[in-house]
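Student: I have a model open beside its sequence. Could you teach me how to read it, one feature at a time?

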Amino acid sequence: MEHRQETSPLANTNSALNPSREDFAALLEQSFMDSNMQEGSVIKGTIVGIENDLAIIDVGLKTEGRVPLKEFGAPGKPAALIVGDTVEVYLERIENSMGEAMLSREKAKREESWIRLEVAFEKQERVDGQIFGRVKGGFTVDLDGAVAFLPGSQVDIRPVRDVTPLMNIPQPFQILKMDKRRGNIVVSRRAVLEETRAEQRQELVENLKEGQVLEGVVKNITDYGAFVDLGGVDGLLHVTDIAWRRVNHPTEVLSIGQTVKVQVIKVNHETQRISLGMKQLEADPWEGVEAKYPLNARFKGRVTNITDYGAFVELEPGVEGLVHVSEMSWTKKNVHPGKIVSTSQEVEVMVLEVDPVKRRISLGLKHCMDNPWTTFAERFPPGTIVEGEIKNITEFGLFIGLDADVDGMVHMSDLDWNRSGEEAMTDYQKGQVVKAQVLDVDTEKERISLGIKQLGGDPMESLGDSIRKGAVVTCTVTGVTENGIEVTVGEDNMPAFIRRAELARDRADQRPERFAVGDKVDARVTQFDRAARKIQLSIKALEIAEEKEAVAQYGSSDSGASLGDILGAALNKANTEDK
């Protein structure tokens, strides 16, 4: 017979009223599962009280948590909460040491925002936010609970010195980077502006036409021009198109923020580049410039710019001419124009050439001054004796400084009648004061030819007609060399040279050492070129001529007398005549 043990209803009631430890743990776990409470998630709670700056929130299971009120308010604004409001909070821990739930409203908003921001980031959509703080390298932006970083370079298209007007104002941003694991979000305001600006720019550029006159605001100034905002699109106003006159820097005429009227010169729809001009709205001063500035006419102008090759002179606003360095001074040739004129100096110039097509005017400064070469030619005609200091010595002559800052040149061939130029130049030094004779003045080539040897007269001229080919002259030996002897002829000691082969008829007597300096010798002129200043002498020719004359006078071919007899007779006759 089977024995069956039955549990009484009283026993079951006692078990339900007095659960064991295991039963309580199971019931608690079941309760958590039913309430869907899980640490690290966003849950709903009810505000049951507000104490000072804390909100007491009931999240169920008789569990409460405290959250600072400032977490519920927008940046810079207080929270508007009352008891009974339902709010979403982030459950960090179910219970802490004080038996309270660890709750956070900021983390709840951040979780919600991250989900929404990730979708916007994937779709490359703009998000709204507010700049509320400054950090190193940029600013912090509140994206409806999520804090993002805005680099300083991404605030605006151009650098912004003061960001205060942009803070705590709702505005769109573009998400550049997201990293949820690190909690980093990088946004850009500049990308939004550039996109908006590109759309506006495209529309504006399409409507622009060349020749159109617009008003704009100067946004930026550089060395080469200014950028003018035409209402969403910038155009370049080049420095050369600001005014007809020379503008060295745009700041001379323009300032940032200034409203200006400009004309569209050129529009490139592909690159969206716009070229603007201001001077095009004024009359062109180059029109009729040939009639206003005829050739060789003199005008006064102001030096506006100085370069290595000359100086620019403004004749009127917008009309400039160039004084080339070669047209600045009659005498100062190799000097910088800045040593002759200075900027802003008023000068008198002469019009040398006008080219209205190339918009060029050539001017001369020296032409309004006396030409020192013409003045010198009038004061010192050829043959005049002048005096000056040796300014320079070159391999071909001397340069002598004369009146009116002009220089004259003494060629080496005009230093001495009897010596070579190289030898004569050794007698002169730089700074030495010398006299010279004016030989020629060429005013066009600006050259003055001088001569020093002309001061003493030409010894060739002093010889007169006594020197001719075949004449016999008496010479004075001035030097003895291996190849012959050096002699002088006439009262002015015209130099000549008798070669060794011309020293005697007999070869044995053709010895230079037979002669001594100071000896007087007779010789026959074998060649005389007055233009080339050459005299050739020969003792040998003289002896042969005398021999022929003696034969002709004292003997004949059939007399039977010897040459010695004939010469002896001629010699005796000569001695008798001398007595």
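Below, we go from the whole chain to strands, cores, single residues and a pocket.

Tutor: First, a word on the source: this is a predicted model, where local features need pLDDT of at least 70, side-chain atom pairs count only at pLDDT 80 or more, and totals for chains, interfaces and linings use all residues. Residues are numbered from 1 along each chain as its sequence is written, and side-chain values use heavy atoms, with hydrogens and water left out.

Student: How many helices and strands are there in the protein chain?

Tutor: Helices (H or I, at least four residues) and strands (E, at least two) are DSSP runs, numbered from the N terminus. The protein chain has 10 helices and 30 strands.

Student: What share of the residues counts as buried?

Tutor: Buried means under 20% relative accessible area, exposed over 50%, and partly exposed in between (1.4 Å probe, protein chains only). Here 36% of the 579 residues count as buried. As for contacts, meaning heavy atoms within 4.5 Å, residues 24 or more positions apart account for 57% of those with a separation of 6 or more.

Student: Let's try strands. Which way do E7 and E8 run relative to each other, parallel or antiparallel?

Tutor: Two strands pair if DSSP finds at least two bridges between them. Strand E7 (residues 138–143) and strand E8 (residues 146–151) run antiparallel and are joined by 6 bridges. Within that pair, Gly138 of the chain faces Pro151 in E8. E7 also pairs with strand E6 (residues 126–135), again in the antiparallel sense, over 5 bridges. Val141 in E7 stands opposite Ile131, and its bridge partner in E8 is Ala148.

Student: Why is E7 described as largely enclosed?

Tutor: Because 6 of the 6 residues of E7 are buried, the rest of the structure largely encloses this strand. As a general idea, side chains in a regular strand alternate between the two faces of the sheet.

Student: Which residues take a positive phi in the two hairpins?

Tutor: The hairpin of E6 and E7 has 2 residues between the strands, and Gly137 takes a positive phi near 85 degrees there. In the hairpin of E7 and E8, also with 2 residues between the strands, Asp144 has a positive phi near 55 degrees.

Student: Where do Asn168 and Glu446 sit?

Tutor: Asn168 is in the loop between E8 and strand E9 (171–179). It is not a glycine, yet its phi is positive, about 60 degrees. With 44% relative accessibility, Asn168 counts as partly exposed. Glu446 is in the loop between E24 and E25 and, although not a glycine, has a positive phi of about 55 degrees. Glu446 is buried, with a relative accessible area of 18%.

Student: Now the interior. Which residues have the most contacts inside the largest nonpolar core?

Tutor: A nonpolar core is a set of buried Ala, Val, Leu, Ile, Met, Phe, Trp, Tyr and Cys residues joined through side-chain atoms within 4.5 Å. The largest has 23 residues, and those with the most contacts inside it are Phe376, Leu402, Leu415, Ile448, Leu450 and Ile452. Elements supplying at least two residues each include helix H6 (372–379), strand E21 (385–394) and strand E24 (433–442). The largest share of this core, 4 residues, comes from E24. Apart from this core lies another, of 22 residues, among them Val205 and Leu276.

Student: Is Val487 buried or exposed?

Tutor: Val487 is buried, with a relative accessible area of 1%, and belongs to strand E27 (residues 484–489). Leaving aside neighbours within four places in sequence, its contacts include Cys475, Phe497 and Leu537. Val487 and Leu537 are 50 residues apart along the chain, while their C-alpha atoms are separated by 9.5 Å.

Student: Last, what is the volume of the largest pocket?

Tutor: On a 1 Å grid over the protein atoms alone, a pocket is an open set of points where a 1.4 Å probe fits, with protein on both sides within 12 Å along at least five of seven lines; lining residues have an atom within 4 Å of a point. The volume of the largest pocket is about 620 Å³. Its lining has 26 residues, of which Arg246, Trp286, Phe312, Glu320 and Arg359 lie nearest the centre. The largest share of the lining, 5 residues, comes from E18.

Note on methods. Grid points are joined across faces, edges and corners, and a volume is the space filled by probe spheres set on the points.
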